[in-house]
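Me: I have a structure to go through with you. Please keep the answers short.

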Amino acid sequence: MYHNRNFRYNAFFAQSFFPLLDSVQSVVSNPRQKNMNIHEYQGKDILRKFGVAVPKGIVALSPDEAKQAAKQLFEETGSSVVVVKAQIHAGGRGKAGGVKLAKSPEEAFAIASEMIGLTLVTHQTGPEGKEVRRLLVEEGMNIEKEFYVGITLDRSTSKNVLMISTEGGMEIEKVAEESPERLLKIQIDPLFGMQGFQAREAAFFLGLQGDQFRNAVNFITALYNAYTSIDASLAEINPLVITKEGKVIALDAKINFDDNALYRHKDFVELRDIHEEDPFEVEASKSNLNYVRLDGNVGCMVNGAGLAMGTMDMIQLAGGKPANFLDVGGTANAQTVEEGFKIIMSDKNVKAILINIFGGIVRCDRVASGIIEAAKKIDLHLPVIVRLEGTNAPIAQKMLDESGLNLIAAKGLRDAAQKVQEALAIA
Ligand code: GDP
Ligand code: MN
């Protein structure tokens with residue numbers, strides 16, 4: 001019990017100092033909460049079914065298809081431009097050259113030739129960028145104003161929150177920070193759903209009148225309906241535009257699903273694009289491990305999300321950087337430990353591994369034999385610091401000491417973090 005309290009305190013303490021942990025917060029706060037991301041065109045297809053206004057668009061996988069799509073859109077819509085948009089699971093494409101206007105099918109062909117295969121680096125992709133494999137060719141819009149509309153779950157109120165801003169096309173985090181008066185947040189009670197007055201309050205905040213006002217109210221109502229019906233964890237339209245013709249339409253769409261609810265939407269699973277996901281995370285999910293890759297050098301293998309978070313905090317406090325979040329679950333056996341090792345070691349940045357397992361349900365000696373068995377099976381060339389606490393911990397420690405392997409037994413979390421540092425200094 002004492003140890004439990006101790007690490008909780010540390011987790012709390014360290015978290016306030018290390019914003020890194022924010023990035024895994026949503027995963028950590030509920031170990032099973034992950035959010036499947038889909039492409040813009042897929043999101044728009046879904047929204048269209050719920051009556052949310054989106055432009056006409058066609059997916060293209062080659063320059064020829066882009067040309068054909070453009071031709072069809074020019075004929076069907078009578079619009080003078082089409083927009084060629086890179087489909088990657090990241091925003092900020094506009095500024096990075098992933099959104100371009102074409103005035104003819106030939107121009108669409110030329111743009112597509114350049115865009116497909118290009119690695120786009122945006123503020124959301126990380127420095128390695130993302131390769132463009134699919135395009136969305138869309139009818140062009142005569143934009144008069146760009147707004148922001150987003151719906152997500154507010155964990156602090158346990159309600160869905162509708163966010164509205166007059167600053168469309170900008171990063172909403174920046175708006176929230178720099179000009180919070182331009183961002184309206186409306187809490188929506190999940191029991192009652194979105195009320196008419198709430199949608200009107202949102203449209204009013206955007207300064208709309210007449211038809212534009214009514215169209216915006218309909219848009220927001222339909223968006224909320226879509227969000228709840230598909231069990232989304234995020235529905236973000238940035239920008240939502242008012243066209244010169246008075247239409248209120250989604251120029252962009254970012255939809256995330258709550259993975260916990262995917263069993264209710266079997267048809268959505270095929271929307272997953274493995275190319276967009278971290279290959280290590282894909283591998284881990286096959287073995288039912290909760291793995292989130294980070295950019296540090298200390299691989300962690302822990303049972304329980306809370307303990308994993310505490311462990312990451314301790315590594316950070318001792319001056320290291322966690323390379324990942326990995327929760328192997330309550331029953332850490334030889335097989336899960338082996339899978340865990342493989343996934344951690346496939347990350348070339350890892351210089352040391354910290355195993356921190358609490359033997360509450362599972363006995364420490366069982367875990368120790370699992371670790372030893374797995375370590376013998378794979379070519380383990382990294383120092384492994386092991387902290388086992390709980391039932392039969394002394395026996396486990398003895399087993400590790402006598403194994404003849406590069407396994408360093410640690411007593412307590414602080415000692416473990418210290419030994420990680422020492423191992424890194426030598427490595
Ligand atoms: P993001 O940068 O990845 O968020 O991609 P968006 O889909 O939001 O597009 C970025 C920007 O491209 C938008 O804010 C618009 O200014 C511009 N854009 C997108 N579609 C059109 C269009 O149909 N017509 C015009 N004129 N601009 C567009
Ligand atoms: Mn956008």
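**Backbone, confidence and ligand shell**

Reply: Start with S158, which sits in the loop between β8 and β9 (159-165). The model is a predicted one.

Me: What is the phi of S158 near?
Reply: Most residues other than glycine have a negative phi. S158 is not a glycine, yet its phi is positive. The value for S158 is near 55°.

Me: Is the peptide bond from N238 to P239 cis or trans?
Reply: Most peptide bonds are trans. P239 belongs to strand β11. Omega for the bond from N238 to P239 is near 10°, so by this model it is cis.

Me: Over which residues does pLDDT stay under 50?
Reply: The protein chain averages a pLDDT of 88, and 92% of the residues score at least 70. One stretch stays under 50, though the model has 47 contacts for it beyond four places in sequence. That stretch is residues 1-32.

Me: Which residue has a polar side-chain atom 2.5 Å from an oxygen atom of ligand 1?
Reply: The closest residues around ligand 1 are K85, R93, G94, M141 and E146. One of them places a polar side-chain atom 2.5 Å from a ligand oxygen. That residue is K85.

Me: How much of ligand 1 does the protein bury?
Reply: D252 has a polar side-chain atom 3.1 Å from an oxygen atom of ligand 1. G92 has a backbone N or O atom 3.1 Å from an oxygen atom of ligand 1. Taken alone, ligand 1 exposes 570 Å². Of that, the protein buries 79%.

Me: Which elements give two or more residues to the shell around ligand 1?
Reply: The shell has 15 residues. By class, six are nonpolar, five polar and four charged. Domain 1 (1-54 + 142-277) and domain 2 (56-140) each supply at least three. The elements are β3 (82-87), α5 (93-96), β8 (143-154) and β11 (232-243).

Notes: Residues are numbered from 1 along each chain as its sequence is written. Chains are lettered from A and ligands numbered from 1 in the order in which they are written. This is a predicted model: local features need pLDDT of at least 70, side-chain atom pairs count only at pLDDT 80 or more; totals for chains, interfaces and linings use all residues. Side-chain values use heavy atoms; hydrogens and water are left out. pLDDT is the predictor's confidence in each residue, from 0 to 100. Contact means heavy atoms within 4.5 Å. A residue is near a molecule or strand if one of its heavy atoms lies within 4 Å of it. A polar contact is a pair of N or O atoms within 3.5 Å; within protein, one must be able to donate a hydrogen and the other to accept it, and residues adjacent in sequence count only if both atoms are side-chain atoms. Accessible areas come from the Shrake-Rupley method with a 1.4 Å probe; for residues, only the protein chains shown count as cover. Helices (H or I, at least four residues) and strands (E, at least two) are DSSP runs, numbered from the N terminus. Ala, Val, Leu, Ile, Met, Phe, Trp, Tyr, Cys and Pro count as nonpolar, Asp, Glu, Lys and Arg as charged, and the others, Gly among them, as polar. Domain bounds come from an automatic or database domain assignment.
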